[in-house]
Amino acid sequence: MSKQKVVEVTYDDLPLVCPRPGDEIWNSHPKVMLPIQETGKSKCPYCGTDYVLKDWDPKRKLH
């Protein structure tokens, strides 16, 4: 059984894509945009990586 990967990101990392630039698995699946701004959490539908927006603020507006 494999451990689920959890990655913390900040607003500076947005827009969020998986796999992320610099990941060892950058070519393991197609790049997918992940909507994390609304809830502060997102899961990649391909690899199952969980992303958490560690400085999430539900009132913050993105440009």
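Two strands are said to pair if DSSP finds at least two bridges between them. Strands themselves are DSSP runs (E, at least two residues), numbered from the N terminus, as are helices (H or I, at least four). The structure is a predicted model, in which local features need pLDDT of at least 70 and side-chain atom pairs count only at pLDDT 80 or more, while totals for chains, interfaces and linings use all residues. Residues are numbered from 1 along each chain as its sequence is written, and side-chain values use heavy atoms, with hydrogens and water left out.

The sheet is a suitable starting point. Strand 1 (residues 6-9) and strand 5 (residues 50-53) pair in the parallel sense over four bridges. Within this pair, V9 stands opposite L53 of strand 5. Three strands in the order 1-5-4 form an open sheet with mixed pairing. Strand 1 and strand 4 are its edge strands, each pairing on one side only. From one strand to the next, the twist averages 20° (axes are lines fitted to C-alpha atoms, for helices over the stretch in contact, and angles run from 0 to 180 degrees between N-to-C directions).

Burial is described here by relative accessible area: buried means under 20%, exposed over 50%, and partly exposed in between, with a 1.4 Å probe and protein chains only. Strand 1 shows an alternation of side chains: V7 and V9 point to one face and are buried, whereas V6 and E8 point to the other and are not. V7 and V9 belong to the largest nonpolar core, which has 12 residues in all and also contains Y11, L14, L16, C18, V32, L34, I36, C44, Y51 and L53. Strand 1 and strand 5 each supply at least two residues of this core. A nonpolar core is a set of buried Ala, Val, Leu, Ile, Met, Phe, Trp, Tyr and Cys residues joined through side-chain atoms within 4.5 Å. In soluble globular proteins, nonpolar side chains tend to be buried together.

The cysteines deserve separate attention. A disulfide is a covalent bond between the sulfur atoms of two cysteines; here it is identified as a pair of cysteine sulfur atoms within 2.5 Å. By this rule the count is zero. Why does C44 form no such bond? The closest cysteine sulfur, in C18, is 3.6 Å from that of C44, which is too far for a bond. C47 is likewise in no disulfide, and the nearest cysteine sulfur, that of C18, is 3.7 Å away. C44 counts as buried because its relative accessibility is 2%, whereas C47, at 34%, counts as partly exposed.

Contact means heavy atoms within 4.5 Å. Leaving aside neighbours within four places in sequence, C44 is in contact with C18, H29, V32, L34, T49 and Y51. H29 lies in the loop between strand 2 and strand 3 and is buried at 11% relative accessibility. With the same neighbours in sequence set aside, H29 is in contact with C18, P19, C44, Y46 and C47.

The edge of the sheet offers another setting. K43 is placed in strand 4 (residues 41-43) and counts as partly exposed because its relative accessibility is 46%. Beyond four places in sequence, K43 is in contact with Q4, L34, G48, T49 and D50. The side chains of K43 and D50 are joined by a polar contact of 2.9 Å. Such a contact is a pair of N or O atoms within 3.5 Å; within protein, one must be able to donate a hydrogen and the other to accept it, and residues adjacent in sequence count only if both atoms are side-chain atoms. A polar atom of the K43 side chain also lies 3.4 Å from the backbone oxygen of G48. K43 and K5 are 38 residues apart in sequence and 10.0 Å apart in space, C-alpha to C-alpha.

The loops complete the tour. T10 lies between strand 1 and strand 2 (17-18) and is buried at 19% relative accessibility. Residues up to four places away in sequence not counted, T10 touches L53, K54 and D55. P15 is in the loop between strand 1 and strand 2, and the peptide bond from L14 to P15 is cis, with omega near 0°. A cis peptide bond also joins C18 and P19, with omega about -5°; P19 lies in the loop between strand 2 and strand 3 (32-33). Most peptide bonds are trans.
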